[in-house]
Amino acid sequence: MSYPFFPGGVRLPEESAGNRDTQVASKAHFTGHITFGDDHGRGLGLESNLEKKVALLLRYAPDTVDLVEQRAFEWYDSHGEYHTHYVDLVRQTRDGRRIGYAVRPVHRVSDEYQDKLARIKYQSASQGVFDDFRLFTEQDVCPIALHNATHLHAVRVAEPEADQAAAKVVGAMRGVETIGMLSEQIGMDGTGLRALVRLIASRHLQLLRHERISDASQVIKVMALH
C-alpha cells in the first residue's frame, strides 16, 4: 500500500527490518512481500505460503505490537561450532516479550531439526535475545483466525469519513451489538462495514465469540475512542 505525501506522488513502505533479504522469485516455492503497519507501513518478505499465513496470524494477534522477519541469531552446536540461524519471524508483544518463530511444514520437521531448534531456544533465552522460541507448522494454523486476520489486513487502509462515522456510532454503543446493526447505524454500506472491521483490528471492538467476522457477529466495546 502507499499513501500520497505530496500532490501527484506517493510514499512507499519502509524497507524490511530483517537481517537478510528474502528471495524475490523462485521456481521451486512461493515468495512474496506484504506490508504491515499504519500510514505507509513497512515491508516484510516471505518465502513460503505458510510464512504468509503465519505472518498474518501473528501480526493481527491481539497482543502483537510489531513483527519482523529473518533476524540473525548465532548459536553453537554440540561441538562448540557456531552457526547463523535466521529466525523466520519475530513478534513483539504489548507486555514487552520477544518471541521467535521457526516456520516449517510438518513433513520437513526432522529429529535433527527439532534438536537444533531446542538449542536455539535455550541459547537465545539464556542470552536474553528471545523470551520464547517456537515452531509453527501448518497444524498450528487456525482457519477461523486466518480468515479474520486476512479480513483485517484487507481493510487496513483508513477511510476518514467512514472511520469518523464508525467512531461516533461505537462511542455511543452500550452493551453487545452485532456488526450488522452497527453498520446500519453508520449508514454507509460496505464503507461503514470496513470501518467497523478496522475498529476490531485496533482493539476498540472485540468479537464476543471465536468465529469468522460477519454481519451476525456480536461485538463489545473494549477501549474508548478519542
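**Exercise 1. Determine whether G175 is buried or exposed, and describe its surroundings.**

Step 1. G175 has a relative accessible area of 51%. Buried means under 20% relative accessible area, exposed over 50%, and partly exposed in between, with a 1.4 Å probe and protein chains only. G175 is therefore exposed.

Step 2. The model is predicted: local features need pLDDT of at least 70, side-chain atom pairs count only at pLDDT 80 or more, and totals for chains, interfaces and linings use all residues. Residues are numbered from 1 along each chain as its sequence is written, and side-chain values use heavy atoms, with hydrogens and water left out.

Step 3. G175 lies in the loop between α4 (160–171) and β7 (177–178). Helices (H or I, at least four residues) and strands (E, at least two) are DSSP runs, numbered from the N terminus.

Step 4. Leaving aside neighbours within four places in sequence, G175 is in contact (heavy atoms within 4.5 Å) with V219 and I220. From G175 to K221 the C-alpha separation is 7.6 Å, although their positions lie 46 residues apart in sequence.

**Exercise 2. Locate G180 and state whether it is buried or exposed.**

Step 1. Helix α5 (residues 179–186) contains G180.

Step 2. The relative accessible area of G180 is 16%, so this residue counts as buried.

Step 3. G180 and Q218 are 38 residues apart along the chain, and their C-alpha atoms are separated by 8.8 Å.

**Exercise 3. State the strand order of the open sheet of 3 strands, and identify a bridge partner in it.**

Step 1. Strands of a sheet pair through backbone hydrogen bonds, either parallel or antiparallel. Two strands are taken as paired if DSSP finds at least two bridges between them.

Step 2. The order is β7-β9-β8, and the pairing is antiparallel. The edge strands are β7 and β8 (205–207), each of which pairs on one side only.

Step 3. Between β8 and strand β9 (residues 218–221) there are 3 bridges, and these two strands run antiparallel. L205 has K221 in β9 as its bridge partner.

**Exercise 4. Describe the salt bridges formed by D63, R119 and D132.**

Step 1. Side chains of opposite charge can pair when their charged atoms come close. A salt bridge is a side-chain nitrogen of Lys or Arg within 4 Å of a carboxyl oxygen of Asp or Glu. The whole structure holds 10 salt bridges.

Step 2. D63 forms a salt bridge with R91, with the closest N and O atoms 2.7 Å apart. This pair links distant parts of the chain: D63 is in the loop between α1 (49–59) and β3 (64–76), while R91 is in strand β4 (residues 82–93), 28 residues apart. At 27% relative accessibility D63 is partly exposed, whereas R91, at 7%, is buried.

Step 3. R119 and D115 meet in a salt bridge of 3.4 Å, N to O. Both residues lie in helix α2 (residues 111–126), 4 residues apart, which is about one turn of the helix. R119 is partly exposed at 26%, and D115 is partly exposed at 41%.

Step 4. D132 forms a salt bridge with K121, the closest N and O atoms being 3.5 Å apart. D132 belongs to strand β6 (residues 132–136) and K121 to helix α2, so the pair ties together parts that are 11 residues apart in sequence. K121 is partly exposed, at 40% relative accessibility.

Step 5. Through shared partners, salt bridges join D63, R91, D95 and R97 into one network.

**Exercise 5. Classify the aromatic pair of Y76 and Y82, and describe other ring arrangements.**

Step 1. Rings of Phe, Tyr and Trp (its six-membered ring) pair if their centres lie within 6.5 Å; planes under 30 degrees apart count as stacked, over 60 as edge-to-face and the rest as tilted. The structure holds 5 aromatic pairs.

Step 2. For Y76 and Y82, the centres are 5.5 Å apart and the planes make an angle of 55°, and the pair is tilted. Y76 is partly exposed at 31% relative accessibility, while Y82 is exposed at 56%.

Step 3. F73, F130 and F133 are linked into a cluster by ring pairs.

Step 4. The charged end of R104 sits over the ring of Y113, 3.8 Å from its centre. Such a placement requires NZ of Lys or CZ of Arg within 6 Å of the ring centre and within 35 degrees of the ring normal.
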